[in-house]
Structure formats: C-alpha cells, structure tokens
Amino acid sequence: MTRLDDIRRRLDDRAPLGREDARFLLTEAPLIALGELAAAARDRARPPGVATYIVNTNVNLTNVCVTRCGFCSFYRPPWHPEGYVLTPDEVVGRVRAAQAQGATQVLLQGGHHPTLRLGHYEDLLRALRETGAWVHALSAPEVLHLARVEKRPLEEVLLALREAGLQTLPGAGAELLVERVRRAIAPLKARAGDWLRVHEAAHRLGIRSSATLMFGTAHDGPDDIADHLLALRALQARTGGFTALIAWTYQRGEAPVEAREVTAAEYLRVVAAARLVLDGVGTIQASPLTQGPEVAGLALAFGADDLGNVLLEEHVVASAGRERTLTEAGARAVIERMSLAPRRRDTLYRIVDDAPRGRALPVVAA
Ligand code: SF4
C-alpha cells in the first residue's frame with residue numbers, strides 16, 4: 001500500500017490526518033494522484049460538477065494603519081498626506097453603485113486606525129443595512145485593535161458590531177498562524193492565538209467566518225503551512241464556524257518582506273492539502289487575483305470549488321502591483337473550461353442562482 005493509499009483509507013474512515021501526512025501531501029505526494037484524491041473529497045463536501053463565485057465589492061475603509069506589516073504596500077502611517085478615512089455616506093454610495101452592477105456582498109476592511117472608535121463602525125454598519133448587501137466585515141486583527149482602542153472585552157465589541165449589522169467575519173489577517181513567521185513578517189500584528197481567539201469568539205456568538213492562508217514569503221515553508229491547516233482544523237472541530245479557506249500567495253509589490261518563488265505545482269499542492277486536512281470546512285477557494293485564471297482554474301481540479309469574489313473594487317492587492325482583471329463572464333469561462341457548471345453563491349456558500357450569462361462587468365478580478 002502506498003502512503004497515499006494509506007491516507008485515502010484513513011480519509012474514507014473519516015480519521016483526521018496528522019502533521020506528517022500534511023507535510024507529505026505538501027511536498028512528496030504524486031501530484032496527479034493527489035489532485036484526484038482532493039477532487040474526490042471536494043465532491044463529497046460540495047455539489048459535484050459545480051464551481052461557484054460571488055459578485056462582491058471590496059471597500060477599504062481607511063488606509064491609515066499603525067501596525068506596519070512588512071508585507072503590506074497599502075497602508076499609510078497616521079498623518080501621512082495620502083491617508084484617508086471614508087465616511088459612512090461614501091461607503092454606502094460605493095456599495096449602491098456596486099449593487100447596481102450586480103454585487104450582493106460588501107467586503108469591508110481597512111487599516112488599524114489609531115483613533116477611529118467603535119461608534120464610527122456601528123454608524124457605518126447601520127447605514128449599510130439600508131442597502132440590503134451582505135456585510136462581510138472586519139478582519140480579526142481589526143476587531144482586536146478596535147477592542148484595544150475601546151478598552152473593552154473582545155466579546156462586547158463583537159456583539160456590538162453584530163447588533164449594528166455585521167453578518168460574517170472575513171478571514172483576512174491570518175497570513176500563517178505560526179509565531180515565528182508572524183514575528184518575521186508582521187511583528188506588531190495580532191498573534192496566531194489572538195486571530196484564533198477572535199474567530200472562536202465570533203463563532204460562539206453565531207457569526208460565521210472564513211479563513212485565509214497566505215504563503216510565499218521568504219520566511220515560510222511546508223511545515224508552517226501544515227501547522228496553519230492543523231490550527232484551523234482544531235478550531236473547526238470545536239465550533240464548526242468556518243465556511244471556507246481561501247489560499248493565496250504573497251504579492252510583494254513595494255513591501256519590504258521578501259517573496260520566495262511559488263510554482264503553480266506548489267499552489268495546487270497547498271489547495272489539495274487544505275481540502276484533505278480541513279475536513280469539515282466546506283469550501284476551499286482558489287485565488288485568481290494572485291494566481292491568474294489559468295492556475296486558479298486548475299485548482300478546481302485539485303480540491304477547490306470556488307473562485308471567490310468577482311470584485312468591483314480592490315486596493316490592497318492591487319497596490320502591490322499585481323492587478324489582474326476578470327469579468328463575471330471571464331470567471332464563468334474559467335469554470336466552464338474545467339468542465340464545471342458556474343454558479344453564483346451567497347456569502348455562506350449557498351448556491352443562489354444562475355448569473356445572467358454573457359454579462360460583462362467592469363471588475364477587478366477575484
Ligand atoms: S496588512 Fe492591514 S494591519 Fe498590516 S499594515 Fe496593512 S493595513 Fe495595516
């Protein structure tokens with residue numbers, strides 16, 4: 001019996017994979033057989049023959065940030081002349097414009113502003129209720145920062161945000177949930193345990209969330225990716241609150257943290273390993289924004305089932321100099337090239353309907 005056969009047998013028995021299994025999948029497993037195993041697991045977790053996407057708008061509320069992550073080209077320090085804070089009216093205006101073009105979800109995030117208070121976010125969330133867009137808002141490090149600014153317990157801040165209109169929490173800010181890596185790339189950002197603590201608290205308040213995995217800096221490797229996946233799986237076993245994992249690679253742009261080369265094969269391995277290790281997380285999302293449509297399409301044969309956000313606005317990755325564009329029609333074409341049926345979905349990954357075919361939106365790619 002090969003090692004992959006042994007892993008297949010344990011997956012069939014619904015036995016969780018361990019760190020050495022994850023490492024084997026990420027480094028040595030035969031690539032095509034790995035893809036087949038992950039694709040079979042995907043078909044058990046999600047409707048077979050289908051891949052999904054959502055028309056979304058990203059609104060970056062402020063680029064002012066005191067956290068100074070070494071991988072970020074987006075932020076400006078306080079008092080920088082290019083710093084901005086959008087007003088609730090400006091955000092609502094952008095969301096309504098995006099809705100007019102088909103967006104159903106707004107992804108709200110921004111820098112760690114030193115003085116913006118909880119009331120500002122509550123006003124904004126209440127104003128957004130009027131639009132009817134699904135509000136997928138604030139990364140775990142932003143929520144933690146807000147709790148520190150307010151000097152209030154995390155749970156209270158989460159509850160206030162939920163009451164004001166926050167519906168789900170995006171998985172941003174996870175990067176890699178490994179302290180050594182975080183100290184190297186973002187020493188002032190929330191610790192791995194903090195990120196997990198925020199998501200656990202959110203799940204216990206009924207706020208579901210996604211998770212992300214960013215790899216490809218000069219400071220990470222397969223062991224770190226394996227540990228990240230196992231940390232997410234442990235939390236999912238406790239709460240069941242994660243809807244999805246989104247895997248993407250570091251885009252350096254003008255940021256000081258160095259990148260390492262990530263081949264298409266490595267990206268596909270990470271997607272497949274995520275599918276197999278993260279039993280219980282329904283969706284594994286590929287990232288056309290960072291990988292391009294060809295590799296993201298291939299990921300759909302390696303365990304991914306979703307192409308993520310077809311974006312109308314996006315600045316954090318675009319500011320790293322790797323802007324890519326993809327219309328909704330383009331996203332559907334990528335899915336169809338993989339002999340899958342494209343379907344729109346909602347933020348909870350429920351298939352909602354067929355998008356109008358052939359409709360080309362002027363979007364920045366998911
Ligand atoms: S990634 Fe977020 S927290 Fe880090 S510097 Fe950029 S805006 Fe600030």
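Buried means under 20% relative accessible area, exposed over 50%, and partly exposed in between, with a 1.4 Å probe and protein chains only. Helices (H or I, at least four residues) and strands (E, at least two) are DSSP runs, numbered from the N terminus.

The model is predicted: local features need pLDDT of at least 70, side-chain atom pairs count only at pLDDT 80 or more, and totals for chains, interfaces and linings use all residues. Residues are numbered from 1 along each chain as its sequence is written, and side-chain values use heavy atoms, with hydrogens and water left out.

**Stop 1: strand β4**

Select residues 209–215, which form strand β4. On one side are S209, A211, L213 and F215, on the other S210, T212 and M214, and all are buried. Because 7 of the 7 residues are buried, β4 is largely enclosed by the rest of the structure.

Add strand β5, residues 242–249. β4 and β5 pair in the parallel sense over 7 bridges; two strands pair if DSSP finds at least two bridges between them. For one bridge to look at, pick A211, whose partner in β5 is L245.

Now show α10, residues 222–239. Together, β4, α10 and β5 make a right-handed β-α-β unit. Right-handed here means that, with the strands pointing away from the viewer, the path from the first strand over the helix to the second runs clockwise.

**Stop 2: helix α2**

Select residues 19–27, helix α2. Its buried residues are D21, A22, F24, L25 and L26. Their cover includes α1 (3–12), α3 (31–45), α10 and α11 (264–277), where contact means heavy atoms within 4.5 Å.

**Stop 3: the largest pocket**

Pockets and cavities are found on a 1 Å grid over the protein atoms alone: a cavity is a set of points where a 1.4 Å probe fits but cannot get out, a pocket is an open set with protein on both sides within 12 Å along at least five of seven lines, and lining residues have an atom within 4 Å of a point. Grid points are joined across faces, edges and corners, and a volume is the space filled by probe spheres set on the points.

The largest pocket has a volume of about 260 Å³. Of its 18 lining residues, select R14, A41, R44, D279 and G280, which lie nearest the centre. α1, α3 and α11 each supply at least two residues of this lining. By class, the lining has 10 nonpolar, 2 polar and 6 charged residues; Ala, Val, Leu, Ile, Met, Phe, Trp, Tyr, Cys and Pro count as nonpolar, Asp, Glu, Lys and Arg as charged, and the others, Gly among them, as polar.

Centre on R14, in the loop between α1 and α2. Its phi is positive, about 60 degrees, although R14 is not a glycine. Most residues other than glycine have a negative phi. R14 counts as exposed because its relative accessibility is 57%.

Go on to R44, in helix α3. R44 is exposed, with a relative accessible area of 52%. Measuring from C-alpha to C-alpha, R44 and G282 are 9.4 Å apart in space and 238 residues apart in sequence.

**Stop 4: the second largest cavity**

The structure holds 2 cavities of 30 Å³ or more. The second largest has about 70 Å³ of space. Select its lining: G111, H112, H113, L116, Y121, L138, E142, H145, L146 and V149. Helix α6 (residues 140–150) gives the largest share, 4 residues.
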